[in-house]
Amino acid sequence: MGVEAAAVDAAYERLSRVVARTPLQPHQRATARTGADVWLKREDLQVVRSYKLRGAYNLLAQLDREQRDRTVVCASAGNHAQGVAFACRALDLRARIFIPRTTPRQKRDRIALLGGDRVEVIVGGDTYDVASAAAREEAARSGAVMVPAFDHPDVIAGQGTVAREIVEQLGRAPDAVVVPVGGGGLVAGITTWFAKHHPATRIIGVEPAGAACMAAAVAAGGPVELAELDGFVDGAAVRKAGLHTYGVLEDHPVELRQVDPGVLCEEMLDLFDVDGVIAEPAGALATAALRAEGVVRQGETVVAVVSGGNHDVSRYAEVIERALISRGVKHYFLVEFPQEPGALRRFLDQILGPDDDITLFEYVKRTNREYGPALVGVELGAPDDLGPLLARLEASPLSAQKLSPDDPVFRFLV
C-alpha cells in the first residue's frame, strides 16, 4: 500500500478534535546563527508530548467493529506507546504495549498514566527492535491488531498532518522543513503531503549519527539492518527503516543529515537554557542540525520540528557531560604522580589555568615505590585553554596521557 496526500488530508480532519494544534514559534537563536527565518513546530507540546499520537490515533480510529473487539499490540521506545495509550483510552480499546528496558522511567510512568486500566505494559529486551519482535510474536499468536510505530500507511498519514498545520499556521509554504528521522514515519508523512501540495519545499531529514538507518537504506537501495546501534537517542534509535517509509523517500528523495551525540547534547542544553524548551534527544535532532554550516540558506523560511519533550531529568547529567566534551572544555587525563609530598599541589599551581577546575580525581594504585597513576577530569574555562594546558604538561616532569573520546575507556566515564 502506498501513501497518498489525500490520506494525510483525511487524517487531518479525523484528528482535528483530538490532537493539539501545536504552536509554530519564531526561533531567534537559530535565525541569528543561520541567517534564515527559522520557526519551531512545537510537537513537544502535544498532549502526549510528541507527534506520535497523530499516527496511532489515525490508525486506531479506522478499525472496524471486529478489529475493535481484539486487543491492540504495539512496540515502542516510549513516545509511540504514549500515543497508543491515549488513543486506546479515548476509543475504549485495550492494548498490550512492549517497551525495551532502556525506556526512561519518565516515559513508562506517562504510558501508565495516559492508558489507565486500558493498557498493559510489558518490559523486555535492550532495544526497540527486540520489543518490536516480541510485539509481532504476540500479534501472530493472539490475533491482536498490530499498531506499528512508523511503518504503516495510516500511521504515516497521521504523522503527515504536521505538514498541513505548518502551512496553515505560517500562511504559506516554507522553503525548507527540517525533520527528525528514526524509522521514518514523520519524514515520510511530511514529504508525502509537501510533494503533492508544495513540491518546491525542501525536506531535510536528520538522523542520529549512531543510528542512521534511513541513510543506510538509501545507500543499499532498500531497508537494511545496522550492524551497530547507538541507543543514546532512544526515540530515534531504530536498527532498520520501514518498507513503507523508505518507499516514500525512494519516490520523493529528501536531504539526509546526521548529528553527533555531543552536538545534540549541546543543542539540548541551549534549548533548555536559552529557549526554555525541554526536548528529549530525538526532539532536538532538527534544531541540532542547524548548528552545522550549509544545512539551510540565508534568507530562507525554515521550519524545524521539535518532535518530542518526554525527557527524563535523570539523564541531564549525561547530557551535560557529553555537551562539555563536545564543546572542548571537558577533558580526561591519566597522570603519573610522583609519590612525594606536594605533588598534587604542584599540579594545581603549575599545570591548571586560573579558570580551570578538577571535576574528577581518582587515584588508581601505586605502580611502584616512586609513582602512582590518577584519572583526572579537567573542565577548562574555555576551549582555547587546552593548548596552553597541554604545553604546561609537556614542560613539566609529569607523565600524562590525554584520553580521546574514541578511547574505549570513555564508556566508563560518559
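The secondary structure of this chain adds up to 17 helices and 14 strands. With a radius of gyration of 24 Å, close to the 22 Å from the globule rule for 414 residues, the chain is as compact as a globular protein of that length. Please keep in mind that this is a predicted model.

Let's look at the overall layout. The C-alpha trace spans about 80 × 50 × 40 Å along its principal axes. The chain is divided into three parts: domain 1 takes in 5-52 + 153-318, domain 2 covers 71-143, and domain 3 runs over 328-412. Between the C-alpha centres of domain 2 and domain 3 there are 47 Å.

Now for packing and surface. Of the 414 residues, 55% count as buried. If you take the contacts between residues at least 6 apart in sequence, 74% of them join residues at least 24 apart. The accessible surface of the chain is about 17900 Å², and carbon and sulfur atoms account for 49% of it. As for charge, there are 45 positive and 56 negative side chains, with the centres of the two sets 5 Å apart.

Two loop residues deserve a look in your viewer. Arg 49 is not a glycine, yet its phi is positive, and Asp 92 likewise has a positive phi without being a glycine.

| Residue | Phi | Loop between | Relative accessibility |
|---|---|---|---|
| Arg 49 | about 65 degrees | strand 2 (37-42) and helix 3 (52-60) | 32% |
| Asp 92 | about 60 degrees | helix 5 (79-91) and strand 4 (95-99) | 53% |

By these values, Arg 49 counts as partly exposed, while Asp 92 is exposed.

Key: Residues are numbered from 1 along each chain as its sequence is written. This is a predicted model: local features need pLDDT of at least 70, side-chain atom pairs count only at pLDDT 80 or more; totals for chains, interfaces and linings use all residues. Side-chain values use heavy atoms; hydrogens and water are left out. Domain bounds come from an automatic or database domain assignment. Helices (H or I, at least four residues) and strands (E, at least two) are DSSP runs, numbered from the N terminus. The radius of gyration is taken over C-alpha atoms; the globule rule is 2.2 Å times the number of residues to the power 0.38. Buried means under 20% relative accessible area, exposed over 50%, partly exposed in between (1.4 Å probe, protein chains only). Contact means heavy atoms within 4.5 Å. Accessible areas come from the Shrake-Rupley method with a 1.4 Å probe; for residues, only the protein chains shown count as cover. Lys and Arg count as positive and Asp and Glu as negative; His and the chain ends are not counted. The place of a charge is taken as NZ of Lys, CZ of Arg, CG of Asp or CD of Glu.
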